[in-house]
Amino acid sequence: MSNEVNGKSEDTVTETDFTRAIGDHGRTWQRMALQVTGNVADADEAVQLALIAAWRKRSSFRGDAALASWIGRMVLNQAYNQLRRNRREGHRQLEFVRRSALHGELDAPDRVEQLLEAIGELDGDIREAAAAMVANRLDTAATAEKLGWPLRKLYDRWARAKRALRQMLETRP
């Protein structure tokens, strides 16, 4: 069976073939990833990772389907991977809030109130990051998108906020 892409054997699949596929189907892949992840930043990352993987694995492309379909499947797989990563990250951050704010007492409304008061006492970007993270149920990608911040900035401000909150809450009764 001949492995062909646009009438060429896999040995001659070129950068031009990939570039053409990206130009013809990139927006479709972006929409597919967005449907899975729910936000633009994660969708972009899924598409980028899928394209890198497709390029690296191009010799394994058998030509049983169109190149665009093969890459599209990789995009979906990466989008689902991104969704799983975000869920794990959200659970880790939620656990931090539970441990630090509630000191193991998950049904202590006064501790939650102390956490909210402490967030209000933070300065500038750190307060904004903490409040947004709590409001967005600790979803970093959604929070960064709503704030219009790069993920790195949010991670930095959220780390600072967690340190400050931990210190503030440890000194309160």
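Is Asp-156 buried, exposed or partly exposed? Asp-156 is partly exposed, with a relative accessible area of 29%. The points below concern a predicted model.

1. Asp-156 pairs with Arg-157 in a salt bridge, in which the closest N and O atoms are 2.8 Å apart. Arg-157 has a relative accessibility of 18% and counts as buried, because the cut-off for that class is under 20%.

2. A second pair joins the side chains of Asp-125 and Lys-153, with an N to O distance of 3.7 Å. Asp-125 belongs to helix 5 (residues 124–135) and Lys-153 to helix 7 (residues 151–170), so this salt bridge ties together parts that lie 28 residues apart in sequence. Both residues are partly exposed: Asp-125 has a relative accessible area of 29%, and Lys-153 has a relative accessibility of 26%.

3. These residues belong to a network of salt bridges that links Asp-125, Lys-153, Asp-156, Arg-157 and Arg-160.

4. Asp-64 and Arg-62 also form a salt bridge through their side chains, at 2.9 Å from N to O. Arg-62 is exposed, at 56% relative accessible area, whereas Asp-64 is partly exposed at 46%. The count of salt bridges comes to six.

5. Helix 2 covers residues 40–56 and has 17 residues. From its first C-alpha to its last it reaches 24 Å, close to the 24 Å expected at 1.5 Å a residue. Buried residues of helix 2 include Asp-42, Ala-43, Ala-46, Val-47, Ala-50, Leu-51, Ala-53 and Ala-54. An α-helix has 3.6 residues a turn, so residues three or four places apart point the same way.

Notes
Residues are numbered from 1 along each chain as its sequence is written. This is a predicted model: local features need pLDDT of at least 70, side-chain atom pairs count only at pLDDT 80 or more; totals for chains, interfaces and linings use all residues. Side-chain values use heavy atoms; hydrogens and water are left out. Helices (H or I, at least four residues) and strands (E, at least two) are DSSP runs, numbered from the N terminus. The expected span of a helix is 1.5 Å times one less than its number of residues. Buried means under 20% relative accessible area, exposed over 50%, partly exposed in between (1.4 Å probe, protein chains only). A salt bridge is a side-chain nitrogen of Lys or Arg within 4 Å of a carboxyl oxygen of Asp or Glu.
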